[in-house]
Structures are given as structure tokens and as C-alpha cells.
Amino acid sequence: MTLRSYVTSRVLLMIPMVMLLLTLVFVILRVIPGDPALLHFEKGVDPVVLAEFRHRLGLDKPILEQYFDYLVGILRGDFGISMQDYAPISTHLIGRFPATLELSIYSMIFAVLLGLALGVKASKNYDTVTDHSIRLFSIVTYAIPVFFLGMVLQFFFSIWLGWLPTGRRFDAHWMPPPTVTGMYTIDSILAGDLFLLVISVRYLILPTITLGTILCGIFIRLTRTNMLETLRMDFVTAAKARGLSDGTVTYGYALRNAFLPILTMIGIQFAALLAGAILTETTFSWPGLGTYLVDRIGHRDYTAIQGTVVFFGILVSMLTLFVDILYAYLDPRIRL
Amino acid sequence: MTNALRIQDLTVEYKTRRGVARAVDRVQLSLEENRTLGLAGESGCGKSTLGRAIMRLVPHPGQVAGGNIYINIDDDIPCKKGDIPKGEVDITGLNEEQMRVLRGKEIAYIFQDPMTSLNPMLTIGNHFIQMIQAHNPEIEKEEALDRGKEVLEGLGILPERVTDYPHQFSGGMRQRVMIGLGMVLRPRLLISDEPTTSLDVIVEAQILEQMAELKKTFNLTMILITHNLGVLAQTADDIAIMYCGRIVELASTENLFEAPQHPYAQALLLSVPDVTKPNKKLVWIPGAPPDLVDPIPGCMFNPRCPMAMDICKTQVPPLIESETGGLVACHLYGGK
């Protein structure tokens, strides 16, 4: 199989998966008890207002027609309109997504780097105090709730030491950098403004460490286990016997071969990261998709919930596809 | 003649949960330059561990518990952490970096299973580049690759295949690549651990022939570890028979096959089929080797030995000169 046919088959496989996801979201939101329109209003709403409301949202159409409109809409990038202000949900998503993406990317980098470093260290010091301490650390961080760690860090670094802000994304006294990507750190760099970069980084540190630490446990364990396996392999010993340096053997031979399962986990964890973002974003008042979703759930804004969940779903499928392709690129045995 | 390798009182132990297993027990061995020593014995007799100990690559949890290993070096070898002077060097006293410099450059090691001895993520060419640059960082990639191609061509592999990955090669070709990697820096000493065990008989014959040619061309001193006495009959100048971590007999190949001295060597030879004597009756050795964690006193072979005497149960026989000019460790010959 060539790389091209591999990629094509992956892309084609994604289509039924996304269809299934879209259908599931649609069905679930409609089979749960309660009329979304009625739930949205207080008791005793005027039937005329209610009918008008249903009509604007398309809830008065037959269910199959709603389903069809929904699918066609998503194909065109239209996620429906919000019950709150009748504004397109895609506008909200585009406005909020960069914040979530920025936090997710930095947390993932933090988690993967820390996970790889500690995992490699543990595997090379197998069955020593270092190894056991790192394993304990990975279990503790894996088990600790996001908001708990977040609040501990907030208490320590923001309230007690006063070094970092407790929450939000940017200092209220300053204008954020002009929007290009919507990610403040990158926009600051693009604008060439070091001052704005420092501000955005300061606001990122605590949420990144919180989310990254929670995530790194699984990477530590995975790296350690896979490294223990590859370190025992013949080609690692053979590489040592050829006089390759410890660094080349550890990273170029053992870690490189242990990396594929870790890469898969990065893809899977990115999905978990987006879900985790809901808690982290709430803890740090981070104005991303997570807080948006929580806010919409609070207002029983069904169309917005549907749109956000679908957006998350498509994002995760694309990520999985990306990881699959990267997999093939990295492992010559899959490429062929 | 100078000794390329001299081993004194070498002891290697594996610390297992059940206790300490002495895989190599006070082995004395010297090997003259340009000779091939066959190291034979059944599985678990310590022959591979002895070979690995010479590379200082005894697998975890094994470690050299005592003794010295001297190798002879022609020229001073520069090393970041202390240059290695020419002459006889005790490698048990070298630091890790000094040892790394020696591995691959002075001593090469070829492993049993060529299918797993190459890094699946690297092209064959990159194996050569890394190997050469690990010892000569000043050599450019292109030049290193050219040297690799040259060596491969000498071994009958098309030079353009350097861009291929290990999984695109057959077992025999991979073993040739391993030999090529072993030879590219012109080491003095080549240790090969069952290099042909996982190959079929025809490929085995080809590989052995190529190794014999290389030995002539590069004035190699070789240690060939195998349980296959037939292979040794073709290739070795001398043969050392190991049993339970001790050398029980050392003789020239001719003498060993003509007049084996030690009862174990005699029994071993009787158990080998001979194509020229199809009617030869094969004799097996009753019993099994003793548990190395709980060793028996005296000669380790005594419970299985047809000629065992009282002294065999209490005293370890020393390695003494035999009638045929070799060495033997058996009380049958001690009396003179």
C-alpha cells in the first residue's frame, strides 16, 4: 500500500464515522425528555412567542427535514443559530475556539515533554528509587481532579505569592493584540509586541501547568512501559555494541521505536484535553469553548449545545486522521 | 605471538529473585592474534554471557563480579574522558565513554537474530552513517555512506539498497548488513554470537564463508559462540567447551574432534550426528545441568558423568594442561 492509498482510505473511513457522530448527537438531543423550546422559557410563555421562537429555529419542521437541514448546514459550515440571540453558532465557535486551542496546544506540549522526559528517566533507572518516585508522581497526577490542582496552584502562585493572575485570558487594562489567529501569544508575536506577549504568557502559565500536569501522568506511564520494552530489544543492544552514544541509543533507537503508541495517545488525549478544558476553563475563567458550552447548558440552549458538541466531534475526528497520517509518515513499515 | 584477548578469573553473576546465579565462573582464557576461537556448550552454559562480558554489555540484572579482561590495542585511542594507551588494556577498569569508543572500533559483536538487530526506523545507510560518525565525527555523511556502500558491495548486497529499510531485507541479507556494520571500522576482534543459528543451512554456509574471507582480509581475531559443533569444525582454530559457567576443555579443533579429553566433551561429540557415518548411534547425556542459583560442590558435571569419582563431588577440578596440548578441567587427569 502506498502512502497515498493509505491516506485516501483513512479519509474515506472518516466519512461514515462523522455521519454516525452527527446522527447520534441529533438523536440524543431529541430523545431526552422535555421540549427544548418550552425549557428555554419561564413558565407561562405566550403561545405566539413560542410559535415564533420555534419557527425561527426551524423546530416546527418535520423531524426528518430538521435532520436533513442540520446535515446540509454542517457541510456548509453552518452549525445552526443560538436560542439565546439567534446569532449563528459558528460565530461564537470561531470567536472562542482559538482560546481553547491555544490552551490545549501549550498543555499538550507541556504534558508530552514532561511525560517523555520523566518516562525515559524512569525506564533508564528501572526499579530504583527514581523510577518508583516517577511512577508515584504519574499516578497521583493522573488521579488528581483538574479543579483541585487548579485551585491549589491559584492559591499558591496567585493569592499567596501574587506572581500570576488567578484567571481570565488577558489583562483588562490592555487591548489584546490584533486578531490574526485568535491565539494571543501568536498574535502578539505577529504584531511584534513583546509586552503583549508577556501578558498573554502570564495568563497562560497556570492553566497550562494544571492541564499539562494532569495529562502528563499517562504519557509518563506509556513512555516508561514502551521504553522498557524497546530498551531490551536486540537492536538497542546491537547499537550499543557498535559504540553509538548513550543519547543516540536512548532517543534515536529506543524512544523512536517506543514513540508510535505515544503518538496515538497524543491523538486520543487531545480529545480528552478538549473535554478537560471544560473544567480547566471554568476553574480559570478561561473564555474558551469549554466555558461557552457550560454557559449554554446553563441556559438550556439546545441548538448551541448541539453545534458545540458537533464541532468538538469533528475536531477530534480530524485529529485522529492527522495522527494516522503522521503514523504512516513516521513508521516505514506502515508506509509500504 | 601476542594475545589479542586475555581473560583472567572472570566471574559474571545474575542477581535474580531466587538468588545469585553465577553464569560465568572464574574463567581463564587467552586468545592469540588472528586465530578463531569457538566457544561451545549447551544453552545456559554461559557462553553468550562471556561474549557479552567482553563488550561489557551483560544484560540486566547481570554484572561482572570479578576478574579482568585485557585486550591488545595497536595505537593510542583518543577519548574525551581519558585517552586509552596502546598495549594491553584492562577493559574492566575503563569508564563508560572509553568503553563506548572501543565498542565497534576495536571489538565488534554480531548478534544471533539478524531479524531484530537493526533499527526498523532507520535505513541501512543511516545505520552505517551513525556507526561511522559515532567514532569519527569529522567524517561527512556522504563519505560515511560511500564507505557503507563499499562494505555492502563486498558482502554481495547492491549498494543502492542503502536507502531501504531493514524490513525490506531477508534474514541472510540482514545478517550480512550486521557483519558489514561490524567490519566497517576494521576492528581487531570480532565476537559473533550464534551468527547463523536463525538462518537456513545454505545461507549459513555462505555467511560462514564470507566471515572466513573477512578474517583473512582484515587479520581478524574471532570468537565464535555456538552450540553447533559442525560450524566450529569448519571455522575454528581452537575450541573451548563450557559447562555451567566454566571452561572444561580447550583444545585445537583437530584434537578436540579426534581425542576429546573431558567426559563432557566426549559425550557432546557422541551426540552429534555425522553425515559420513550414517550408522553412528547417537548417545544423549542423561540428566540436566544443575541449577546455577543453587550450585553443587565439586565438578558441576559429576551427577551426569559416567566416570565420576568421590573427589569430583567435593573439589572443583583445576584447568590443567592435557595430553593433547590443550587444557582440561577434570580429576581424571589431575593425578599425574
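1. Let's start where the two chains meet: 28 residues of chain B are in contact with 23 residues of chain A. Do keep in mind as you look around that this is a predicted model.

2. How much area is buried between chain B and chain A? The value is about 2100 Å², and carbon and sulfur atoms account for 63% of that area. If you wonder about the choice of quantity, the size of an interface is often given as the accessible area lost when the parts come together.

3. Now for the polar side of the story. Between chain B and chain A, eight residue pairs are in polar contact, both residues being at pLDDT 80 or more, while the count of salt bridges is zero.

4. Which elements of chain B should you look at? α1 (47–55), β6 (107–110), α3 (124–135) and α5 (171–183) each supply at least two residues of the side that touches chain A. The most comes from α3(B), with five residues. Sorted by class, this side of chain B has 14 nonpolar, ten polar and four charged residues.

5. Turn next to chain A by itself. Here you will find 14 helices and zero strands. The C-alpha trace of chain A spans about 85 × 55 × 40 Å along its principal axes.

6. Finally, the inside and outside of chain A. Of its 336 residues, 45% count as buried. The chain exposes about 17100 Å², with 70% of this supplied by carbon and sulfur atoms. Among contacts in chain A between residues at least 6 apart in sequence, 74% join residues at least 24 apart.

Definitions and conventions:
Residues are numbered from 1 along each chain as its sequence is written. Chains are lettered from A and ligands numbered from 1 in the order in which they are written. This is a predicted model: local features need pLDDT of at least 70, side-chain atom pairs count only at pLDDT 80 or more; totals for chains, interfaces and linings use all residues. Side-chain values use heavy atoms; hydrogens and water are left out. Contact means heavy atoms within 4.5 Å. Buried area is the accessible area (1.4 Å probe) that two parts lose on being put together, summed over both. A salt bridge is a side-chain nitrogen of Lys or Arg within 4 Å of a carboxyl oxygen of Asp or Glu. A polar contact is a pair of N or O atoms within 3.5 Å; within protein, one must be able to donate a hydrogen and the other to accept it, and residues adjacent in sequence count only if both atoms are side-chain atoms. Helices (H or I, at least four residues) and strands (E, at least two) are DSSP runs, numbered from the N terminus. Ala, Val, Leu, Ile, Met, Phe, Trp, Tyr, Cys and Pro count as nonpolar, Asp, Glu, Lys and Arg as charged, and the others, Gly among them, as polar. Buried means under 20% relative accessible area, exposed over 50%, partly exposed in between (1.4 Å probe, protein chains only). Accessible areas come from the Shrake-Rupley method with a 1.4 Å probe; for residues, only the protein chains shown count as cover.
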